[in-house]
Each structure stands twice: as structure tokens, then as C-alpha cells.
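Q: Hey, can you walk me through this one? I'd like to get the helices straight.
A: Sure, let's look at it together.

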Amino acid sequence: MPAKDATTCNYCQSLRDKLARAEQERDASAALDCRVLLTRHEGQGHPLAPQTES
Ligand SMILES: [Zn+2]
């Protein structure tokens with residue numbers, strides 16, 4: 001669980017929504033994906049568009 005949840009944006013919210021749904025469905029790989037994306041996105045200071053690395 002994150003200690004604080006002060007900073008958020010639409011992309012964060014959509015990821016958290018996805019994460020919650022994945023956890024409800026016990027979809028571990030989807031939940032992990034969401035966590036990775038969310039962590040990266042927050043680490044980048046909430047860029048407006050999702051950053052994808054290939
Ligand atoms: Zn964000």
C-alpha cells in the first residue's frame with residue numbers, strides 16, 4: 001500500500017481502476033502490469049501521455 005496518495009491524475013486513476021479490477025478478478029499478471037505502469041508513471045512526474053518503452 002502506498003504511504004501517501006497526494007498526487008494523481010486521470011492516467012493514475014485509470015490505472016488504479018484497472019488494478020482494482022484485476023485484483024478483484026485475481027488476475028495477477030494484469031495487476032502486476034498496472035503496478036509497473038503506475039510506478040513508472042509516478043516516477044516520471046505524471047506525464048500527460050503514457051510513456052511506452054520498447
Ligand atoms: Zn499521474
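**Two helices and their surroundings**

A: Let's start with T7: this residue counts as exposed because it has 9 C-beta neighbours inside 10 Å. Exposed is 12 or fewer other C-beta atoms within 10 Å, buried is 20 or more, and partly exposed is in between, with C-beta atoms placed from the backbone.

Q: Is this model predicted or something else, and how is the numbering done?
A: The model is predicted: local features need pLDDT of at least 70, side-chain atom pairs count only at pLDDT 80 or more, and totals for chains, interfaces and linings use all residues. Residues are numbered from 1 along each chain as its sequence is written.

Q: Where does T7 lie?
A: T7 is in the segment before α1 (10-24). In space, T7 is 9.3 Å from G45, C-alpha to C-alpha, though the two are 38 residues apart in sequence.

Q: How many helices and strands are there?
A: The protein chain has 2 helices and 0 strands. Those are DSSP runs numbered from the N terminus: H or I for helices, at least four residues, and E for strands, at least two.

Q: And how much of the chain is buried?
A: Buried residues are 4% of the 54 in the protein chain.

Q: OK, at what angle do α1 and α2 pack?
A: About 160 degrees, with the axes 8 Å apart. Axes here are lines fitted to C-alpha atoms, for helices over the stretch in contact, and angles run from 0 to 180 degrees between N-to-C directions. That makes α1 roughly antiparallel to α2, since angles over 145 degrees count that way (under 35 is roughly parallel, 65 to 115 roughly perpendicular, the rest oblique).

Q: Which residues make the contact?
A: From α1, they include Y11, L15 and L19, and from α2, A31, C34 and L38 are among them. Contact means that C-beta atoms, placed from the backbone, lie within 7 Å.

Q: New topic: which way does phi go at R26, positive or negative?
A: Positive, about 55 degrees, although R26 is not a glycine. Most residues other than glycine have a negative phi. R26 sits in the loop between α1 and α2 (28-43), and R26 is exposed because 8 other C-beta atoms lie within 10 Å.

Q: What about after α2, what is phi like at G45?
A: G45 follows α2 and has a positive phi, near 75 degrees. H46, also in the segment after α2, has a positive phi near 60 degrees. With 13 other C-beta atoms within 10 Å, H46 is partly exposed.

Methods
Two residues are in contact if their C-beta atoms, placed from the backbone, lie within 7 Å.
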